[in-house]
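Got your viewer open? Load the model, give it a slow spin, and follow along stop by stop.

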Amino acid sequence: MLYQYYNTEPKDEIFALLKKNVKITKERIPFATQLFTPDWIVRYMVENSLGRLWVEGHPDEELKAGWKYYLEEAEQEPEVAAQLEVIRAEYRKINPEDIKVIDITVTGLIQRIGAKMV
């Protein structure tokens, strides 16, 4: 998974220290025993999924201005743009209370926390 790649270096450092019989501090133990999703990955995922769903139906430039990882939509062919407009019309009917999230992974908890940050 992507987040494992970005935590490889700290994890390798911990195991190198263990091989040298260096005591590992409590702050470093999680790098060797747990997998974490870095904040930027959570924000990227939330901004480009739930965030996109929301701003496509409820345009809000001020909200988007606070998003660091949001990707603007690429230019679309006219037929695709027309289909997207039909979808966005449905998005405009959505209230925050109507949005349901299905968590199929353990990292879903982190993503839900990230959603609250948005």
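Here is a short walk through this predicted model, from the whole chain down to single side chains.

**Stop 1: the whole chain**

Switch to a cartoon view first. You should find eight helices and zero strands, so the pattern along the sequence is simply α-α-α-α-α-α-α-α. The chain has 118 residues, and buried ones make up 20% of them. Now turn on the surface: about 9100 Å² is exposed, with carbon and sulfur atoms supplying 59% of it. One more thing before zooming in: take the contacts between residues at least 6 apart in sequence, and 57% of them join residues at least 24 apart.

**Stop 2: a nonpolar patch**

Select Trp40, Tyr44, Met45 and Leu71. Together they make a nonpolar surface patch of about 340 Å². Click on Met45, which sits in helix H4, residues 39-47. Is Met45 buried or exposed, or something in between? Its relative accessibility is 33%, so Met45 counts as partly exposed.

**Stop 3: aromatic rings**

How many aromatic pairs does the whole structure hold? A search finds two. Keep Trp40 selected and add Tyr69: their rings form a tilted pair, 6.1 Å centre to centre with 45 degrees between the planes. This pair ties together distant parts of the chain, since Trp40 is in helix H4 while Tyr69 is in the loop between helix H6 (61-65) and helix H7 (78-91), 29 residues apart. Trp40 has a relative accessible area of 31%, so it is partly exposed. Tyr69 is partly exposed too, at 23%.

Next, select Trp67 and Tyr70. This pair is also tilted, with 5.4 Å between the centres and 55 degrees between the planes. Try hiding the surface here, as both Trp67 and Tyr70 are buried.

**Stop 4: salt bridges**

Colour the charged side chains now. The count comes to eight salt bridges, and here are some to visit.

Go back to helix H4 and pick Arg43 and Asp39. Their closest N and O atoms are 2.9 Å apart. Why is about one helical turn between Arg43 and Asp39? Because they are four residues apart in helix H4. Arg43 is partly exposed at 28% relative accessible area, and Asp39 is partly exposed at 41%.

Then jump to Glu85 and Arg92, a salt bridge with closest N and O atoms 2.6 Å apart. Glu85 counts as partly exposed at 38% relative accessibility, and Arg92 does so at 42%.

Now select Lys93 and Glu90, where the closest N and O atoms of the salt bridge are 3.1 Å apart. Lys93 has 56% relative accessibility, so it counts as exposed. Glu90, at 45%, is partly exposed.

Which residues are joined into one network by salt bridges that share partners? Select Arg52, Glu56, Glu73 and Arg88 to see them.

**Stop 5: Glu56**

End by centring on one member of that network, Glu56, in helix H5 (residues 50-57). Why does Glu56 count as buried? Its relative accessible area is 14%, and buried means under 20%. Show its contacts, leaving aside neighbours within four places in sequence, and you get Glu73, Arg88, Tyr91 and Arg92. You have already met Arg92, as the salt-bridge partner of Glu85.

Terms used: Residues are numbered from 1 along each chain as its sequence is written. This is a predicted model: local features need pLDDT of at least 70, side-chain atom pairs count only at pLDDT 80 or more; totals for chains, interfaces and linings use all residues. Side-chain values use heavy atoms; hydrogens and water are left out. Helices (H or I, at least four residues) and strands (E, at least two) are DSSP runs, numbered from the N terminus. Buried means under 20% relative accessible area, exposed over 50%, partly exposed in between (1.4 Å probe, protein chains only). Contact means heavy atoms within 4.5 Å. Accessible areas come from the Shrake-Rupley method with a 1.4 Å probe; for residues, only the protein chains shown count as cover. Patches are made of residues with over 30% relative accessible area and no salt bridge: like charges are joined within 9 Å, nonpolar side chains (Val, Leu, Ile, Met, Phe, Trp, Tyr) within 5 Å. A salt bridge is a side-chain nitrogen of Lys or Arg within 4 Å of a carboxyl oxygen of Asp or Glu. Rings of Phe, Tyr and Trp (its six-membered ring) pair if their centres lie within 6.5 Å; planes under 30 degrees apart count as stacked, over 60 as edge-to-face and the rest as tilted.
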